[in-house]
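Me: Please take a close look at a single part of this model for me, and walk me through the backbone and the surface there in one connected answer.

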Amino acid sequence: MLDNSIDELKRNHNNRQNITLKIKDVNNNIIISVVNDIKQHKNLVTEKMNPGEHGIGLTIVDTIVKKYNGEIVIEQDLQFKVSLFLRKPYEIDNEKT
């Protein structure tokens, strides 16, 4: 996700843009979000060279997140935001290790 945001900024280098990466631990859940100031295409089709080798990144992320009972949310308005919500499988007690 972060690589895709960086690539998009490189393609649009004439504008000053930002990428925000946030990782939070909230109520025994991990929330990872990547926000890119550049509006993405609604159909999420790659613009990279050799498109046959690209364009499945978010599909793979979605598959992995769902495998671990998580959720992926994609928001597109003035920014492009991808958020992953993952449940921690267990809490590690550092005092017992």
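Reply: What follows looks at one strand, the loop after it and a surface patch to which the strand contributes. The model is a predicted one, and the values below are computed from it.

Strand 1 covers residues 19-26, and together with helix 1, residues 2-11, it is one of the elements that give two or more residues to a nonpolar patch on the surface. That patch has an area of about 350 Å² and is made by Leu2, Ile6, Leu21 and Ile23. Among these residues, Ile6 has its place in helix 1, and its relative accessible area of 34% makes it partly exposed. Because residues of a patch need over 30% relative accessible area, Ile6 with its 34% meets that part of the requirement.

Between strand 1 and strand 2, the latter covering residues 29-36, runs a loop in which Asn27 is found, and Asn28 has its place in this loop as well. The backbone here deserves attention, for most residues other than glycine have a negative phi. Asn27, which is not a glycine, nevertheless has a positive phi, near 50°, and Asn28, also not a glycine, has a positive phi of about 65°.

The two asparagines can also be described by their exposure. Asn27 is exposed, with a relative accessible area of 70%, whereas Asn28 is partly exposed, with a relative accessible area of 36%. The terms follow from the cut-offs, because exposed means over 50% relative accessible area and partly exposed lies between 20% and that value.

Note on methods
Residues numbered from 1 in each chain as written. Predicted model: local features only at pLDDT ≥ 70, side-chain atom pairs only at ≥ 80, totals over all residues. Heavy atoms only, no water. Patch = residues over 30% accessible without salt bridge, like charges linked within 9 Å, V, L, I, M, F, W, Y side chains within 5 Å. Areas by Shrake-Rupley, 256 points an atom, 1.4 Å probe, with all protein chains shown as cover. Salt bridge = Lys/Arg side-chain N within 4 Å of Asp/Glu carboxyl O. Helix = DSSP H or I, 4+ residues; strand = E, 2+ residues; numbered from the N terminus. Buried < 20%, exposed > 50% of the residue type's maximum accessible area, 1.4 Å probe, protein only.
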